Amino acid sequence: MKQKAVLLDEKALSRALTRIAHEIVEKNHGIHDCVLVGIRTRGIYLANRIAAKIEQIEGETVLVGEVDVTLYRDDLSYKNLDGNPVVNSTSLPVVAGKKVVLIDDVLFTGRTVRSALDAIIDTGRPAQIQLGVLIDRGHRELPIRADYVGKNIPTSKLEKISVKMHEVDGEDRVIIFE
């Protein structure tokens with residue numbers, strides 16, 4: 001694949017997360033009873049960064065959890081030689097009765113989010129689940145939309161969005177490939 005463009009550089013990515021943090025605080029009238037849950041892998045880092053920004057804004061800490069959706073996917077991919085799925089840990093704070101803000105890097109078909117909803121609901125019944133994504137690229141296959149979006153990027157189905165995070169990739173940027 002050939003790189004088409006850099007959609008967000010380090011500063012633009014930080015600004016998008018700051019805006020999402022402000023929108024979360026505003027929509028929820030603060031962060032009382034809110035929990036951020038990042039979807040493995042990059043959603044976890046985004047959730048942690050948003051939580052840090054919320055703490056700067058509100059002066060209060062918001063709980064952050066992580067969810068692995070591997071076993072909840074309808075297109076389960078097998079990665080081990082023995083045919084078993086590779087499953088990572090899920091670490092959720094208590095979600096029952098809380099406002100859960102699910103965080104992911106890219107919203108595409110909606111299937112990952114649907115899987116995360118199932119995983120969260122299996123642990124308890126939240127009062128509400130909201131969705132925040134860094135990039136919304138369209139092409140939904142399920143009726144799912146984000147409450148908080150860093151950037152809307154209309155794409156073709158053949159294009160690929162790559163989110164690079166310093167914690168994993170050593171750099172912060174979002175790239176589109178054709």
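Me: Let's jump straight in. Is Arg173 buried, partly exposed or exposed?

Reply: First, keep in mind that this is a predicted model. To sort a residue, you look at its relative accessible area: under 20% is buried, over 50% is exposed, and partly exposed is in between. Arg173 comes out at 26%, so it is partly exposed.

Me: Where does Arg173 sit, and what does it touch?

Reply: Look for strand S8, residues 173–177, and you'll find Arg173 there. Setting aside neighbours within four places in sequence, Arg173 is in contact with Gln3, Val6, Leu8, Asp9, Leu13, Ser162, Val163 and Lys164. Take Ser162: it is 11 residues from Arg173 in sequence, and the two C-alpha atoms are 8.3 Å apart in space. The side chain of Arg173 also has a polar contact of 2.9 Å with the side chain of Glu171.

Me: Okay, let me zoom out. How many helices and strands does the protein have, and in what order do they run?

Reply: There are four helices and eight strands. Starting at the N terminus, the order is β-α-β-α-β-β-α-β-β-β-α-β. As for the whole chain, 44% of its 178 residues count as buried. Among contacts with a separation of 6 or more, 69% are between residues 24 or more positions apart.

Me: How do I read a helix, say H1?

Reply: Here's the general idea: an α-helix has 3.6 residues a turn, so residues three or four places apart point the same way. Now the case here. H1 covers residues 10–27, and its 18 residues reach 26 Å from first C-alpha to last, close to the 26 Å expected. Its buried residues are Ala12, Leu13, Ala16, Leu17, Ile20, Ala21, Ile24 and Val25. At the N-terminal end, Asp9 acts as a cap, with a side-chain oxygen 3.2 Å from the backbone nitrogen of Lys11.

Me: And which residues of H2 are buried, and what covers them?

Reply: In H2 the buried ones are Gly43, Ile44, Leu46, Ala47, Arg49, Ile50, Ala51, Lys53 and Ile54. Their cover includes H1, S2, S3, S4, S5 and H4. As for length, H2 has 17 residues and reaches 24 Å, close to the 24 Å expected.

Me: I keep hearing about phi and cis bonds. What should I look for?

Reply: The background is that most residues other than glycine have a negative phi, and most peptide bonds are trans. So scan for the exceptions. Just after H1, His29 has a positive phi of about 55°. Asp33, in the loop between H1 and S2, has a positive phi near 65°. His139 has one of about 70° and lies in the loop between S5 and S6. Gly59, which follows H2, also has a positive phi, near 75°.

Me: Which two residues does a cis peptide bond join?

Reply: Arg40 and Thr41, with omega at about 5°. Thr41 belongs to the loop between S2 and H2.

Me: Now charges. How do I read a salt bridge?

Reply: In general, side chains of opposite charge can pair when their charged atoms come close. A search of the whole structure turns up 13 salt bridges. One of them joins Asp33 and Lys98, whose closest N and O atoms are 3.4 Å apart. That pair links distant parts of the chain: Asp33 is in the loop between H1 and S2, Lys98 is in the loop between S3 and S4, and they are 65 residues apart. With a relative accessibility of 32%, Asp33 counts as partly exposed, and so does Lys98 at 24%.

Me: What about Arg49 and Glu167? Why does that pair tie together parts that are far along the chain, 118 residues apart in sequence?

Reply: Their side chains meet in a salt bridge of 2.7 Å, N to O. Arg49 lies in helix H2 and Glu167 in helix H4, so the pair ties together parts that are 118 residues apart in sequence.

Me: Which residue is buried yet has no salt bridge?

Reply: Asp105, in strand S4, is buried and has no salt bridge; the nearest side chain of opposite charge, Arg42, is 5.1 Å away. The cut-off for a salt bridge is 4 Å. Beyond four places in sequence, Asp105 touches Arg42, Gly43, Leu46, Val133, Leu134, Ile135 and Val163.

Key: Residues are numbered from 1 along each chain as its sequence is written. This is a predicted model: local features need pLDDT of at least 70, side-chain atom pairs count only at pLDDT 80 or more; totals for chains, interfaces and linings use all residues. Side-chain values use heavy atoms; hydrogens and water are left out. Helices (H or I, at least four residues) and strands (E, at least two) are DSSP runs, numbered from the N terminus. Buried means under 20% relative accessible area, exposed over 50%, partly exposed in between (1.4 Å probe, protein chains only). Contact means heavy atoms within 4.5 Å. The expected span of a helix is 1.5 Å times one less than its number of residues. A polar contact is a pair of N or O atoms within 3.5 Å; within protein, one must be able to donate a hydrogen and the other to accept it, and residues adjacent in sequence count only if both atoms are side-chain atoms. Lys and Arg count as positive and Asp and Glu as negative; His and the chain ends are not counted.
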